[in-house]
Amino acid sequence: MKKSLLILAATALFFSSCKKETTTEEFSQTDVTGTTVVKGSVSKNVITPNGAGGWVNTTRVPVSGVNVTVKINKSALYPGSQAVGADIYSGTTDAQGNYAISVKTNATGAAALITIDGFSGTQDTLINGVTKAGYYATYAGTSQNVTLFMGSNYVMNHQFNATNLSTNPNNITVGSAIITGSISQNINRSVTTGTNVAFSTTNIAVPAGVVVYMSFANDPTLLTAKQYTTTTDAQGYYTFNLATVAPGTTGFPQNATIWINDRAATRDTLKIVNTTITGTVTGVQGVFNGGNTNQNGVFNGEIRNATHFSYSGFTPN
């Protein structure tokens with residue numbers, strides 16, 4: 001009897017084992033994106049002795065603190081989708097002039113725009129390892145459209161060459177000005193009064209930390225356009241404090257261009273019951289369109305307030 005029970009148990013175990021072997025795993029979707037590292041080095045030319053009593057301006061030294069950005073449109077990252085907006089990645093060069101930025105790409109290749117920002121500074125002279133500051137100069141940046149593939153790094157180097165400024169006036173009066181404003185974001189609103197529910201839209205302040213950009217021409221020290229960035233506070237306000245000159249100063253139009261980039265976020269619904277805000281319902285994910293505005297002739301002592309932006313245009317994913 002015991003032998004028969006052992007045979008039956010072994011038979012059951014055999015069939016159970018066979019059944020497990022034929023079970024298929026449930027299909028799960030995987031992300032087809034990966035990572036690419038965009039890296040490189042930047043340098044600028046300096047003046048050095050040529051060893052024969054003269055000078056050359058072809059010696060190169062690394063440049064630190066240069067801004068580098070990589071922009072990849074979501075439609076390029078997810079081909080065939082309805083994705084809008086773009087992913088913006090940024091970094092700066094280190095003391096050796098090197099940078100490395102990790103970006104999201106795909107296996108089929110994502111079109112990207114790599115930009116190395118230009119800057120203004122002095123074209124220096126280097127003698128026996130000692131740097132002597134020279135005249136102000138501009139160093140032009142560069143942009144390049146490339147295709148990035150996940151798992152394959154991309155190298156983009158740049159060599160800055162100084163363009164000396166022809167004038168450097170020392171009789172101008174340098175002062176300061178302020179440009180300030182707020183940034184809001186459009187959301188839905190649901191108002192319940194008794195049994196009646198009404199729907200509308202309204203604007204609320206964006207969270208703290210939203211980046212605002214400004215280009216100001218001409219900066220009285222650099223004698224060229226200067227790039228500014230700032231961020232919003234807890235109430236959605238931003239402020240630029242900038243150096244400027246007196247009205248009528250020749251060669252200084254003092255015009256500012258201010259802009260905000262696209263913003264990926266959800267379009268939420270604010271719930272109100274009998275004039276009391278009861279909470280916020282998270283909406284669909286999408287992209288709010290950025291915008292820009294101009295403030296011209298910003299001279300000493302001016303305060304340009306109420307320079308507001310609104311994230312109103314929204315495209316759901």
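Q: Is Y213 buried, exposed or partly exposed?
A: In this predicted model, Y213 counts as partly exposed, because its relative accessibility is 22% and burial requires a value under 20%.

Q: Which residue forms an aromatic pair with Y213 that is stacked?
A: The partner is W259. The ring centres of Y213 and W259 are 5.6 Å apart, with 10° between the planes.

Q: Which strands hold the two residues of that pair?
A: Y213 belongs to strand β17, residues 211-217, and W259 to strand β20, residues 255-260. With their positions 46 residues apart, the pair links distant parts of the chain.

Q: And W259, is it buried, exposed or partly exposed?
A: W259 is partly exposed, with a relative accessible area of 26%.

Q: Why is the pair of Y238 and F240 called edge-to-face?
A: The planes of the two rings stand at 65°, so the pair is edge-to-face, and the ring centres are 5.7 Å apart. An angle over 60 degrees is what that class requires.

Q: Are Y238 and F240 buried or exposed?
A: Both Y238 and F240 are buried.

Q: Which residues make up the cluster that ring pairs link?
A: The cluster consists of Y228, Y238, F240 and F309.

Q: How many aromatic pairs does the count come to?
A: The count comes to nine aromatic pairs.

Q: Changing topic, how many helices and strands are there in the protein chain?
A: The protein chain has two helices and 28 strands.

Q: What share of the residues counts as buried?
A: The chain has 317 residues, and 33% of them count as buried. As for its surface, the chain exposes about 18300 Å², of which carbon and sulfur atoms supply 52%.

Q: What share of the contacts comes from residues 24 or more positions apart?
A: Such residues account for 67% of the contacts with a separation of 6 or more.

Q: Which residues have the most contacts inside the largest nonpolar core?
A: They are V70, I72, V103, I116 and L148, in a core of 23 residues.

Q: Which strands each supply at least two residues of this core?
A: The strands are β1 (33-49), β3 (67-73), β5 (98-106), β6 (110-116), β10 (136-139) and β11 (142-148). The largest share, four residues, comes from β6.

Q: What does I116 touch, leaving out residues up to four places away in sequence?
A: Among the residues that I116 touches are V42, V66, V68, Y99, M156 and F160. N67, G141, T142 and H158 are also in contact with I116.

Q: Which residues are among those in the other core?
A: That core lies apart from the one just described and has 21 residues, including I260, A265, F288 and F314.

Q: What is the order of the open sheet of four strands?
A: The order is β4-β3-β6-β11, and the pairing is antiparallel. At the edges are β4 (86-92) and β11, each of which pairs on one side only. Neighbouring strands of this sheet are turned by 20° against each other on average, direction ignored.

Q: How many bridges join β6 to β11?
A: Seven bridges join these antiparallel strands. One of the matched positions is A110, whose bridge partner in β11 is L148.

Q: Now for β15: which way does it run against β19, parallel or antiparallel?
A: Strand β15 (residues 174-193) and strand β19 (residues 237-245) run antiparallel and are joined by nine bridges. The bridge partner of G175 in β19 is T244.

Q: And how many bridges join β15 to β16?
A: There are 10 bridges between β15 and strand β16 (residues 196-205), which run antiparallel. The two strands form a hairpin with two residues between them, and G194 in the turn has a positive phi of about 65°.

Q: In which sense do β15 and β22 pair?
A: They pair in the parallel sense over five bridges, with β22 covering residues 269-273. V191 stands opposite I272 in β22.

Q: How many bridges does β15 share with β27?
A: β15 and strand β27 (residues 309-311) pair in the parallel sense over three bridges. Here I183 stands opposite F309, and F309 is also one of the residues in the ring cluster.

Q: Last topic: where is G301 found?
A: G301 is in the loop between β25 (291-295) and β26 (303-304). Its relative accessibility is 63%, so G301 counts as exposed. G301 and G175 are 126 residues apart in sequence and 7.1 Å apart in space, C-alpha to C-alpha.

Terms used. Residues are numbered from 1 along each chain as its sequence is written. This is a predicted model: local features need pLDDT of at least 70, side-chain atom pairs count only at pLDDT 80 or more; totals for chains, interfaces and linings use all residues. Side-chain values use heavy atoms; hydrogens and water are left out. Buried means under 20% relative accessible area, exposed over 50%, partly exposed in between (1.4 Å probe, protein chains only). Contact means heavy atoms within 4.5 Å. Accessible areas come from the Shrake-Rupley method with a 1.4 Å probe; for residues, only the protein chains shown count as cover. A nonpolar core is a set of buried Ala, Val, Leu, Ile, Met, Phe, Trp, Tyr and Cys residues joined through side-chain atoms within 4.5 Å. Two strands pair if DSSP finds at least two bridges between them. Axes are lines fitted to C-alpha atoms, for helices over the stretch in contact, and angles run from 0 to 180 degrees between N-to-C directions. Rings of Phe, Tyr and Trp (its six-membered ring) pair if their centres lie within 6.5 Å; planes under 30 degrees apart count as stacked, over 60 as edge-to-face and the rest as tilted.
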